[in-house]
Number of protein chains: 4
Amino acid sequence: MAGSTFGTVFRITTWGESHGKGVGVVIDGCPAGLPLKSLDIQEFLDRRKPGQSRYSTQRSEPDRVEILSGIFEGRTTGTPISLIVFNKDQHSKDYSEIASYYRPGHADYTFDAKYGFRDYRGGGRSSGRETIGRVAGGAVAARLLASLGISFCTYTRSIGPVEIRDFSREEIFNNKFYMPDRDAARKAAEYLENCMASRNSAGGVIECVIHGVPAGLGEPVFDKLDASLSKAVMSIGAMKGVEIGDGFSVASSTGLDDNDGFHIRPDGKVEKTSNHAGGILGGISDGSDIILRAAVKPTPSIASEQKTVNKSGEEITVSIKGRHDPVIVPRAVVVVEAMAAVTLADALLIGSTSRLEYLQKIWK
Amino acid sequence: MAGSTFGTVFRITTWGESHGKGVGVVIDGCPAGLPLKSLDIQEFLDRRKPGQSRYSTQRSEPDRVEILSGIFEGRTTGTPISLIVFNKDQHSKDYSEIASYYRPGHADYTFDAKYGFRDYRGGGRSSGRETIGRVAGGAVAARLLASLGISFCTYTRSIGPVEIRDFSREEIFNNKFYMPDRDAARKAAEYLENCMASRNSAGGVIECVIHGVPAGLGEPVFDKLDASLSKAVMSIGAMKGVEIGDGFSVASSTGLDDNDGFHIRPDGKVEKTSNHAGGILGGISDGSDIILRAAVKPTPSIASEQKTVNKSGEEITVSIKGRHDPVIVPRAVVVVEAMAAVTLADALLIGSTSRLEYLQKIWK
Amino acid sequence: MAGSTFGTVFRITTWGESHGKGVGVVIDGCPAGLPLKSLDIQEFLDRRKPGQSRYSTQRSEPDRVEILSGIFEGRTTGTPISLIVFNKDQHSKDYSEIASYYRPGHADYTFDAKYGFRDYRGGGRSSGRETIGRVAGGAVAARLLASLGISFCTYTRSIGPVEIRDFSREEIFNNKFYMPDRDAARKAAEYLENCMASRNSAGGVIECVIHGVPAGLGEPVFDKLDASLSKAVMSIGAMKGVEIGDGFSVASSTGLDDNDGFHIRPDGKVEKTSNHAGGILGGISDGSDIILRAAVKPTPSIASEQKTVNKSGEEITVSIKGRHDPVIVPRAVVVVEAMAAVTLADALLIGSTSRLEYLQKIWK
Amino acid sequence: MAGSTFGTVFRITTWGESHGKGVGVVIDGCPAGLPLKSLDIQEFLDRRKPGQSRYSTQRSEPDRVEILSGIFEGRTTGTPISLIVFNKDQHSKDYSEIASYYRPGHADYTFDAKYGFRDYRGGGRSSGRETIGRVAGGAVAARLLASLGISFCTYTRSIGPVEIRDFSREEIFNNKFYMPDRDAARKAAEYLENCMASRNSAGGVIECVIHGVPAGLGEPVFDKLDASLSKAVMSIGAMKGVEIGDGFSVASSTGLDDNDGFHIRPDGKVEKTSNHAGGILGGISDGSDIILRAAVKPTPSIASEQKTVNKSGEEITVSIKGRHDPVIVPRAVVVVEAMAAVTLADALLIGSTSRLEYLQKIWK
């Protein structure tokens, strides 16, 4: 069980290494009848594409997705949707040196410890290219959710010490960092210039807000919606923390401040009066926006000298060369959104059987 | 799929409501031949027992575990281990009023939204008593891990604004808060007295350190060890955030500061020179201590007045009566440890098939 | 993964040994709002009860089921339903001898080979009592299916060489063998008298017919409805073969004879003109009755002398004493029905998400 | 959950339609370090290739497999192995007519009932080409098992009324039917000539014998080895029955005849004295050969006239044109073997954690 499948009823299975023939995903359990075309998926992939700015790797892959199965006459058939992106721009020789030692902050050592050897070319399976399958799968999930009125707003909340102070939804796609605050984006650019100049790198925080989720999704005990979202997000490389709603700040809050009250909306519906909970109570969506944040570590590949060991058991000093983003955050924004979308699609399908009356609507 | 099963090869399935006949767990996939007796489990359960101090609910249940299956002549047989704790001290009338309205910060509203109705007595399935099954299952997992040299140290890192400044392993079991710092425990007690006096409640942070984990556990993509640990911990009621190693602070760190170098130990083994990663690289254990932290929200049941709505669609003001801990953190410490243990046991069993040479050791 | 869970969305987890404290089942994923009481389950259990005739073991256990969780005010809540039957009539000393040797036709040897040792008392986990959890779980599934118009007719088709030649639904519950043919039942009784006189035992065939299954259940490739039903039935102890519709006889049939045509019913619906397929085409229900048959081996515990070996590595001759049914078939009838019901309930829940329009009926 | 994944620890996920871009499989959980090359897989695929005789479809596809991931320097890396076979010889216009009606014996009607519409080109997902993914996955499983001493012998036991009477292992690959009896193969050819002349088709029985399986594989209750094998085999299109060992004939046997005794081999090992059980006792392998048989229905596509209905609700008479095998059995032989191999590989990996001492061999 090499852990390459995520989800239970709506599930994605990804495959592929950085320098193999390609990377891909099989999406199983997508309901039949959903309109879907390559462009829906390509738009998602383009958001994680390298080479869009001087702050992301200059590897220039078009990363064109091909649909291999599961779509007929423009709609999903209910059978597995297989998507592939061929690798085009592999420079295997770039990576030949790293076969011999363990890069700090990377999975080189742990892959060797687990499997006895590894595909060392470009990080192999632990490369950032692994996320292409996630994003392609997430694009399909997002499309399904959109057809039921659920939408996403995901952006960079901070890069290094630079945090957003303003929020403009339009601004998100106006700057290279997907920040909803133009001023913060400008400061982030300055900060990254300094990082690059000092052969260093930066981390940051990604925030994802999900609108239109009906109350009642998520399962009470182990498959709580927040638990599943946490796993989804923490399974992305470089993530070191995740939080829902007020997150870690609840630890120093009080019950009186943290509890969200309820009131009756003019249309008669029950609604919370605030949203400290981030849209999830007892593991089940409460009808408010779902809010989650993830902490991304600084890019581990840096040109500065670092101490490590090689496979001959010698202690050495290395400096990582090659094309590396000084910050991963902007390209990871869409990956977080994709994983949240897959999680929510799965929860929605599972939730469709939570009441006998739901079954009777379909089968009687 | 009501989400009551956790784990793939080592898996637990829990059941039970606060005011039903009891709560329990079925542990499936525990290898045969592990010495196990009731006391091993009871010791874990006693750590989450109510009524141990004036800071936890005075409900006085002995919570004695009974082993119903899966043990023969003092050892596990490889077949499911069914454990039950009968409910003894239910005061159903205490809870009759809450049937009519939605308590702020609780799952009352979301259970109704999901299922159409709910067992309102004492929180039903979303009661804290649900964690008994987790802790009993975790005790078995911990026992299995101990037989392979893996141990846990879990404690309260903060309560409200009071954070530990010192670390004494012995002190953890010397105070009611499971804090490794006597002075912090004293200050936490003062803080909670104030909370109770103002009919309010507090949250906090729990930290779990796991020693002796061999390098190589965890699966590369979706079932990364940190992802699975995150789900495990976030599935516990009241958890709002989780982090591994340096966690959220990596967001403002740099690659140079965050990367852990490698060196060769005197015995020839590879080891990291620091542990910002918290023992996991690329989703796979690296041989260092695994470190995780979880943020616990303040107890939602408070005696102060709060605004909410009732099931007749009226806006009302309520004040929650009854026996409620002003802080959940101390009793949740063992729950975090239990969920981490189940996750690690599962990862270890799955990891036992990651190399052909492992299979050959067993089958040839 | 000791294999004690069956089903994906509607799932049962069983536990318990013949001579432990009891046996039980946790049913997870049953939709909320289904009326359910102990009697619904007890009626199923009573159909597998021992001691009902001289052709079944005289062990006189009342086998009363207790509902421990998941039901509130007479309806399922959507949370796990835990059911237990305590063991009452264990004669552990009866079984002390068999600890030392391997009974032919039993799992004694294979349990030792797998686990290194076994709970030898009464067969432990491989005892027929293990089926109590299946039947209790199946009773809940059958109840759910009944509320959607799906019903079962399960009976003994043959015992030893005696096969039914007539079919009367009323007769099924009129004789001890659950045969729909009074004359065959009489002949079966004679045949079994001979078996017992010669210290021997008999096998037989069970047939299960399921009415009212809507077309469209089952998943196309690996989770075909017939595949899942086959696993469900073959997982019952003593089953050696399973077939759907015309089953093994198709091997010598022709396409012209085996294909079922289609016509239009007076009410305008499409219907098959025959049912060689047994209600399943391409792994998906076709709206006709689902028909399956299972072959049950003769009771392995016989009083005749047999050659075997003991744990000291000696070849010995044994004669199995104690209370044993000369034929398992009649008591297994309800077990087959129970497993078919669980399988169908799971397929129905999974099938509820196969079309986008189904989701839109629920969520829009 | 469109049911396209099989297995738990060693798992395959297949995708693809008859007339899409290709078909493929993702194999997840294969241990690292297994030598594997394209040819290992191609040899399996060649056994199911069409166009090898006048008794199989003349569609002339080379069906060359490409390895897209998971292999590095000639060995498996432990990460997912993605395999693809591109479709080359699709004649979409051949199939345009069948879009309008439901072919008897096919899944056209049930796909429409389930999904609301279907990819009607060449059977879409329910085409025989779907088995390419199974066979490619099974080739990897068989390779893994071979490295642990487990091998397969699978062949045609009967075609229509012609059953084998002799057994020569060498003969299996000497005739187009994979029959171990030259004389039976000759008679089968005659029988099929008659079938074709009368625009009809034939079924048959496939037998699979597995050598070298260690005692102790399979899980006691729901995941019995025979249950999992049954599901695996029954999930192949056109299978209507499956049996283990003496199978359906046990129903009329007696305990004395059906029980297998035990003796001590010269080398001191315990062994059964006969093998009525077909190598599995209580759901766990017993060290003897595993023997299973599957009943294959006659090819449903026949040129004779049949009654059916079209999508306009009219009753019509059809005659299926195009390239169709008069018998599926010979090409399904390798599919049965493949599915058995995947099942066994999964059971072996799961069984590697059944004893604490196995874990200690690896981790201590």
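This report walks through the interface of chain A and chain D, an annotated arginine and a few salt bridges.

The model is predicted, so a few ground rules apply: local features need pLDDT of at least 70, side-chain atom pairs count only at pLDDT 80 or more, and totals for chains, interfaces and linings use all residues. Residues are numbered from 1 along each chain as its sequence is written, chains are lettered from A and ligands numbered from 1 in the order in which they are written, and side-chain values use heavy atoms, with hydrogens and water left out.

## Where chain A meets chain D

On the chain A side, 45 residues are in contact with 46 residues of chain D (contact means heavy atoms within 4.5 Å). The size of an interface is often given as the accessible area lost when the parts come together. Here chain A and chain D bury about 3,500 Å² between them, and 63% of that is on carbon and sulfur atoms; the figure is the accessible area (1.4 Å probe) that two parts lose on being put together, summed over both.

As for charges, the rule picks out 2 salt bridges across the interface of chain A and chain D, a salt bridge being a side-chain nitrogen of Lys or Arg within 4 Å of a carboxyl oxygen of Asp or Glu. Lys21(A) pairs with Glu66(D) in a salt bridge, at 3.7 Å from N to O. Between chain A and chain D there are also 8 residue pairs in polar contact, both residues at pLDDT 80 or more. A polar contact is a pair of N or O atoms within 3.5 Å; within protein, one must be able to donate a hydrogen and the other to accept it, and residues adjacent in sequence count only if both atoms are side-chain atoms.

Which elements of chain A give two or more residues to the side that touches chain D? They are strand 2 (11–16), strand 3 (22–28), strand 4 (65–67), strand 6 (75–76), strand 7 (81–86) and helix 2 (108–115). Strand 2 of chain A brings the largest share, 5 residues. Helices (H or I, at least four residues) and strands (E, at least two) are DSSP runs, numbered from the N terminus.

## An annotated arginine

UniProt, in an unreviewed entry, puts a "binding site" feature at Arg48(A) and Arg54(A); such annotations may be inferred rather than shown by experiment. Arg48(A) sits in helix 1 (residues 38–48) of chain A. Is Arg48(A) buried or exposed? Arg48(A) counts as buried because its relative accessibility is 3% (buried means under 20% relative accessible area, exposed over 50%, partly exposed in between, with a 1.4 Å probe and protein chains only). Beyond four places in sequence, its contacts include Asp63(A), Arg129(A) and Arg331(A). Its side chain also makes a polar contact with the side chain of Thr131(A), at 3.0 Å.

## Salt bridges

The whole structure holds 112 salt bridges over all chains. Here are three of them.

| Pair | Closest N to O |
|---|---|
| Arg118(A) and Asp108(A) | 3.7 Å |
| Asp183(A) and Arg186(A) | 2.6 Å |
| Asp267(D) and Arg265(D) | 2.6 Å |

Arg118(A) is buried at 7%, and Asp108(A) is buried at 3%. Both belong to a salt-bridge network with Arg103(A), Asp112(A) and Lys311(A). Asp183(A) and Arg186(A) are 3 residues apart in helix 4 (residues 182–197) of chain A, so about one helical turn separates them. Asp183(A) is partly exposed at 36%, as is Arg186(A) at 44%. In chain D, Asp267(D) is exposed at 51%, whereas Arg265(D) is partly exposed at 28%.
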